[in-house]
Amino acid sequence: MLDHSLIKTALIVFLALFFFANGINHFLNPHVLHEYMEYRELNRPKLLVFLSGLLLIICGPLLLISNYSLQVYAAYTLGLFVLVAAFLVHSFWKETDKHKKMLEIQNFIKNFVIFFEMIYLAGTF
């Protein structure tokens, strides 16, 4: 039989690492993300990359803290972040190139999966 607490712990650890690593990437490769934000015609791309990177670096590790309020706050914040990013950044309906459209659809769906993971986790801490 599966140990569900072990699976939940692994999920939280991997999500925390995922968000933290993505946040670090915002600062290691900002030019790539700036270009992507400009391509998506988002205002103030440098500020968006900085703020989103900061949010990911702070909230990712908070999922690991043994404090109910901080974990729930982090989970809801990250859930909201990926939901907003799904619509603003991964707007596949704007793509005309079929390969780019396919990648954006995958990222859009991925963000929804992560959104529901975060909402689920927030209710189980």
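**Legends to the close-up views**

**View A. H2 and H3 pack at an angle of about 125° (between N-to-C directions, from 0 to 180 degrees), and their axes, which are lines fitted to C-alpha atoms over the stretch in contact, lie 9 Å apart.** H2 is therefore oblique to H3 (roughly parallel is under 35 degrees, roughly perpendicular 65 to 115, roughly antiparallel over 145, and oblique the rest). The crossing of H2 and H3 is right-handed (the near helix is turned clockwise from the far one by less than a right angle; anticlockwise is left-handed). On the H2 side, Pro 30, Leu 33, His 34, Met 37 and Glu 38 meet Pro 45, Lys 46 and Val 49 of H3, contact being heavy atoms within 4.5 Å. By class, the residues of this contact divide into five nonpolar, one polar and two charged (Ala, Val, Leu, Ile, Met, Phe, Trp, Tyr, Cys and Pro are nonpolar, Asp, Glu, Lys and Arg charged, the others polar). The model is predicted, with pLDDT of at least 70 needed for local features and 80 or more for side-chain atom pairs, while totals for chains, interfaces and linings use all residues. Residues are numbered from 1 along each chain as its sequence is written, and side-chain values use heavy atoms, without hydrogens and water.

**View B. H3 packs with H4 at an angle of about 140°, and the axes of H3 and H4 are 8 Å apart.** This angle makes H3 oblique to H4. The crossing of H3 and H4 is left-handed. H3 contributes Ser 52, Leu 55, Leu 56, Cys 59, Gly 60 and Leu 62 to the contact, and H4 contributes Leu 70, Gln 71, Tyr 73, Ala 74, Thr 77, Leu 78 and Phe 81. Nine nonpolar and four polar residues form the contact of H3 with H4, and there are no charged residues in this contact.

**View C. H1 and H3 cross at roughly 150°, with their axes coming within 7 Å.** H1 is therefore roughly antiparallel to H3. The crossing of H1 and H3 is left-handed. From H1, the contact includes Phe 19, Phe 20, His 26 and Phe 27, and from H3 it includes Val 49, Phe 50, Leu 54 and Ile 57. Eleven nonpolar, six polar and no charged residues make up the contact of H1 with H3.

**View D. The largest pocket holds about 590 Å³ of space.** Among the 24 residues that line the largest pocket, His 26, Met 37, Phe 81, Ala 85 and Val 89 are the closest to its centre. At least two lining residues come from each of helix H1 (4-28), helix H2 (30-39), helix H3 (45-62), helix H4 (68-88) and helix H5 (98-122). The lining consists of 16 nonpolar residues, seven polar residues and one charged residue. A pocket is an open set of points on a 1 Å grid where a 1.4 Å probe fits, with protein on both sides within 12 Å along at least five of seven lines, and lining residues have an atom within 4 Å of a point; the volume is the space filled by probe spheres set on the points.

**View E. The protein has five helices and zero strands (DSSP runs; helices, H or I, of at least four residues, and strands, E, of at least two).** From the N terminus on, the elements run α-α-α-α-α. The C-alpha trace spans about 45 × 30 × 20 Å along its principal axes.
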